[in-house]
Every structure is written in structure tokens, then in C-alpha cells.
Amino acid sequence: MKKIIRNGTIVTASETYQADILISDGVISSIGKSIEVEDAEVVDATDRYVFPGGIDPHTHLEMPFGGTVTKDDFETGTIAAAFGGTTSVIDFCLTEKGKPLSHAIKTWHDKSKDKSVIDYSFHLMISEINDAVLDQLPDVINQEGITSFKVFMAYKNVFQADDETLYRTLLAAKEHGALVMVHAENGDVIEYLTKEALAKGQTEPIYHALTRPPEVEGEATGRAAQLTGLASSQLYVVHVSCQEAADKIAEARKKGYDIHGETCPQYLVLDQSYLEKPNFEGAKYVWSPPLREKWNQDALWNALRTGQLETIGSDQCSFDFNGQKDLGRDDFTKIPNGGPMIEDRFSILFSEGVRKGRISLNKFVDITSTKSAKLFGLFPKKGTISIGADADLVIFNPETKRKISADTHHMAVDYNAFEGMEVTGEPETVLVRGEFVIKNKQFVGTPGSGQYLKRAKYGKTTNMTDKPMMIQ
Ligand code: URP
Ligand code: ZN
Ligand code: ZN
């Protein structure tokens with residue numbers, strides 16, 4: 001059935017205007033004033049913004065990590081994402097050394113295909129580079145449409161790869177048209193600082209932050225940037241948390257390197273003092289890189305406004321406080337790293353960013369949706385409102401006030417890192433390819449209705465006539 005989104009204020013990364021949107025067969029078929037079509041369902045968007053659906057380029061759903069598995073899976077995680085205005089996620093597919101990449105990709109398809117309520121894709125972790133891995137990359141890109149690879153520079157003895165692996169991944173990405181993503185922290189130095197802290201009996205959550213200072217993030221970011229320049233390749237630095245790292249990205253971009261940076265809502269509104277909360281509550285805020293001293297928040301907002309940082313990922317990696325985070329009650333190194341952020345990404349950026357005058361409305365759309373679509377090969381099917389694009393739309397009330405709380409959130413996890421925070425602005429209705437997933441703040445979607453997205457190569461756009469691949 002056709003739908004008309006009537007009388008909303010359409011906001012894209014470059015324009016704001018009032019018009020109706022006609023949706024036919026899941027795509028936007030017309031945009032104009034007073035559209036009339038017989039038998040179309042009319043959705044009133046008066047006094048509402050109509051945004052392109054959010055694209056969250058950084059999630060860890062049902063991921064084994066830190067001796068446990070993240071609490072939110074592709075069902076609870078994507079339902080929460082949809083409530084928060086996100087219509088596509090790109091999740092990190094973990095690989096294991098010595099095993100075929102196809103094995104890891106199948107594992108991720110199996111986790112997601114019957115569960116996701118929104119569209120989804122995968123980044124592929126590169127844990128080793130050898131002839132066997134290099135031989136498989138063309139299929140990963142051309143058959144699976146996975147056009148971004150992730151290299152961890154930290155988590156020694158778990159995920160950490162060495163510089164040769166990073167450099168050769170950059171070369172391979174250049175050759176095949178993929179984007180390399182890095183978790184940029186110096187894992188070797190962190191390992192040393194951690195051992196020193198434990199030897200002194202420093203076991204509380206705050207030592208997680210103190211053993212991963214901004215310098216180790218800045219150093220790794222600068223190193224990754226230099227290697228990218230050397231390889232004439234392309235790089236995306238995930239979860240930038242501090243001025244040191246943002247400066248390294250800006251410096252490299254000034255030299256003309258093809259480098260992009262993401263930050264996350266948590267780094268924009270929370271700070272290192274949260275790790276000092278009593279009764280082990282600081283563990284709720286243990287993730288990597290850690291929260292920083294508060295002054296870094298201004299540096300990150302400035303970097304977003306000036307375009308040195310370009311996207312917002314949630315880094316959703318949720319663990320219950322009771323039963324998961326408490327694995328590290330006596331030793332901060334055993335606290336599973338990560339937090340529940342998928343639901344509040346949009347609201348926090350709108351409320352703290354747009355409403356407080358730190359970023360424009362169009363910049364908000366760019367960093368929560370459009371730029372990720374462009375960098376990760378989903379544009380223009382995703383990430384904008386234009387004729388032929390998928391009708392992934394968020395009807396957003398900019399005036400509603402609410403308090404973020406675990407009592408009302410939709411994630412499966414037992415706490416909310418933004419508990420008690422007042423935000424203004426809320427997604428009311430969310431459509432994915434023209435189908436309601438959230439209607440008047442109620443979930444009406446179906447697990448398994450989300451489609452796997454094969455993505456275009458780095459720097460290329462999607463063909464509007466490509467339909468997302470259905471996984472059998
Ligand atoms: O602590 C975090 N960020 N957990 C998720 C894994 C990662 O490093 O992104
Ligand atoms: Zn990371
Ligand atoms: Zn992450």
C-alpha cells in the first residue's frame with residue numbers, strides 16, 4: 001500500500017523544507033506539495049521533522065567478548081535502535097585466526113537473519129593477514145558486499161593485530177576498494193600500565209581509565225594515520241574519545257590523507273568521573289577508549305561542527321551490571337568492556353547538539369545518517385530523502401521532553417548509561433523501506449524483516465535499482 005507522509009519538515013544533510021513524501025513499493029516515489037493519491041495511507045507529520053533513518057555504523061550485537069556475550073542481540077538491539085530512530089546498523093563480524101572468513105560471516109548471518117527488525121550489514125574484523133586471507137578478500141567484497149575491514153590496535157592477546165597486519169590490510173583495502181577501520185589505542189603500552197596498576201593493588205573501575213590515558217589513543221591514531229599515508233589508502237578511526245586523537249586526524253587530513261573519524265554520544269556527554277561512582281557502579285561506564293576529562297567534550301563537539309570528525313556510532317556493546325559487569329568486581333581488567341548506547345544516539349545528538357546550538361539540524365542528519373551511508377557504500381539508497389531512495393524515515397517530534405531511563409528503554413540490558421538525563425526531541429514513527437517499525441511510539445515491526453545490505457566499494461555509490469539481498 002502506498003503511503004503519504006503529509007506536511008512534515010523534511011531535513012537532509014543539505015536542505016530543510018516543507019513537503020509531502022509519497023512512498024510506493026518501499027521507496028520514495030515523489031516529493032512535493034499537497035500530493036494526492038487514491039487509497040494511500042496518510043501519515044500526518046505536521047510540526048514534525050522528517051529525517052532520513054539513522055545509520056549506526058558501529059554495533060556489537062550478540063558478540064562474545066570479555067568472557068561473556070553482549071546482552072543485546074539482533075532482535076532486542078535492533079528494536080531499541082528503531083525506537084531511537086536508527087533504520088540500519090553495521091555490526092562488527094569477528095573472525096578467528098586460521099578459520100575461513102566465510103565461517104565468521106556465516107555465523108553473523110545466522111545470528112541476524114531471523115532477528116533484525118531493521119536493515120543491517122557487517123564490517124569484517126581482520127585478525128591476521130596471509131596469502132589465504134588475501135585470497136578470500138575479493139569474495140568478501142564482491143559476493144558479500146562487505147567493503148570495510150576492522151583492525152584492532154588494542155586488546156592484547158585477544159583481538160590486537162600488529163602493525164604489519166594493519167599496513168597490509170591498508171594495502172589490500174586500497175587494491176580492492178574497501179575502507180579500513182581501526183580501534184586506535186596502543187595495546188602494548190596499555191598492557192604494561194595495567195600490570196603496573198594491578199601490582200600496586202589498584203583494582204577499581206577508575207583504573208581502567210587511568211591505564212588507558214589519552215596519549216595511548218593519540219599515539220595509535222597518529223600511527224594508523226601515518227601508515228595510511230604510506231599505503232595511500234583510506235582509514236576510518238572508530239570511537240574517537242579525546243582531543244589528542246581528534247588532533248591527529250585533523251593533522252593527517254591537512255596533509256591530504258584520506259582519513260575519517262567517528263565519535264560516540266557517550267564521549268560527548270559523560271566524563272571520566274563516572275568511573276569513580278561508589279559501590280562498583282563505575283563498572284557501568286567501563287569501555288574502551290575510556291571516558292575522558294570533561295574538557296574533551298568541547299573538543300569533540302568542535303571537531304564534529306568543523307567536519308574533522310564526521311560520524312556518530314553508538315559502539316553498542318551492552319553487558320548487564322548484575323551478572324556480567326561484576327565479573328570484574330575484584331579486578332577492573334575483568335570487567336567486560338562496553339556499554340548500551342544504540343537507543344539514545346539520535347536523541348542525545350539532537351538534544352545536546354541541535355537544541356543547544358552546537359551543531360546545525362543539517363549537520364545532525366549528516367553525522368547520524370548521510371555520512372555513514374556515503375563512507376560505507378549505502379548512499380543514495382540509504383542516508384537521504386530523495387526520489388528512488390529507500391523510504392527509511394523518522395518522524396520526529398522536536399519538542400517532546402523525556403528522561404532517559406532503564407525503566408523505559410527497550411534494550412535488554414539492566415541499566416542505562418544516561419540514566420536520568422533529560423532530552424528534548426523524540427522519534428515517534430519510524431519506517432524501514434516504507435513499512436512501519438515504530439508507529440506512534442509503539443513497536444509494530446517483525447523480527448527477521450530487516451534485510452542484509454550488500455554495500456558498494458569505498459567511494460562508490462549504490463545503484464538505486466539494487467534490492468537488498470535476502471538471506472535464505
Ligand atoms: O569497550 C568497547 N568499546 N567495547 C566494544 C569493542 C570495541 O572496542 O569497540
Ligand atoms: Zn573498539
Ligand atoms: Zn566497538
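**Exercise 1. Classify the mutual orientation of helices H2 and H3 in this predicted model, and describe their contact.**

Solution. Helices H2 and H3 are oblique to each other. The steps leading to this result are as follows.

Step 1: Two packed helices are described by the angle between their axes and the distance between the axes.

Step 2: For H2 (residues 101–112) and H3 (residues 131–142), the axes approach within 10 Å and cross at roughly 40°.

Step 3: Angles under 35 degrees count as roughly parallel and those from 65 to 115 as roughly perpendicular, so a crossing of roughly 40° is oblique.

Step 4: On the H2 side, the contact is formed by Leu101, Ser102 and Ile105; H3 contributes Val133, Gln136, Leu137 and Val140.

Step 5: Sorted by class, the contact of H2 with H3 comprises 5 nonpolar residues, 2 polar residues and no charged residues.

**Exercise 2. Determine which residues are in contact with histidine 176, leaving aside its neighbours within four places in sequence.**

Solution. Step 1: Locate histidine 176 in helix H4 (residues 163–176).

Step 2: With those neighbours set aside, the contacts of histidine 176 are Leu137, Pro138, Ile141 and Lys457.

Step 3: Compare sequence and space: histidine 176 and asparagine 142 are separated by 34 residues in sequence, while their C-alpha atoms are 9.3 Å apart.

**Exercise 3. Describe the surroundings of ligand 1 and state what percentage of its accessible area the protein covers.**

Solution. Step 1: List the residues around ligand 1: His58, His60, Phe65, Tyr155, His183, His239, Trp287, Ser288, Asp315, Cys317, Asn337 and Gly338.

Step 2: Examine the oxygen atoms of the ligand. A polar side-chain atom of tyrosine 155 is 2.6 Å from an oxygen atom of ligand 1. For histidine 183, a side-chain N or O atom lies 3.0 Å from an oxygen atom of ligand 1.

Step 3: Turn to nitrogen: aspartate 315 places a polar side-chain atom 2.7 Å from a nitrogen atom of ligand 1.

Step 4: On its own, ligand 1 has 260 Å² of accessible area, and the protein covers 100% of it.

**Exercise 4. Identify the backbone geometry at proline 289, proline 380 and glutamate 62.**

Solution. Step 1: Serine 288 and proline 289 are joined by a cis peptide bond with omega about -10°. Proline 289 belongs to the loop between helix H9 (265–269) and helix H10 (296–306). Serine 288 is also one of the residues around ligand 1.

Step 2: From phenylalanine 379 to proline 380 the peptide bond is cis, and omega is near 0°. Proline 380 occupies the loop between helix H12 (361–375) and strand E16 (393–403).

Step 3: Glutamate 62, although not a glycine, has a positive phi of about 45°. This glutamate 62 is in the loop between strand E6 (54–59) and strand E7 (64–65).

Note on methods:
Residues are numbered from 1 along each chain as its sequence is written. Chains are lettered from A and ligands numbered from 1 in the order in which they are written. This is a predicted model: local features need pLDDT of at least 70, side-chain atom pairs count only at pLDDT 80 or more; totals for chains, interfaces and linings use all residues. Side-chain values use heavy atoms; hydrogens and water are left out. Axes are lines fitted to C-alpha atoms, for helices over the stretch in contact, and angles run from 0 to 180 degrees between N-to-C directions. Helices (H or I, at least four residues) and strands (E, at least two) are DSSP runs, numbered from the N terminus. Angles under 35 degrees count as roughly parallel, over 145 as roughly antiparallel, 65 to 115 as roughly perpendicular and the rest as oblique. Contact means heavy atoms within 4.5 Å. Ala, Val, Leu, Ile, Met, Phe, Trp, Tyr, Cys and Pro count as nonpolar, Asp, Glu, Lys and Arg as charged, and the others, Gly among them, as polar. A residue is near a molecule or strand if one of its heavy atoms lies within 4 Å of it. A polar contact is a pair of N or O atoms within 3.5 Å; within protein, one must be able to donate a hydrogen and the other to accept it, and residues adjacent in sequence count only if both atoms are side-chain atoms. Accessible areas come from the Shrake-Rupley method with a 1.4 Å probe; for residues, only the protein chains shown count as cover.
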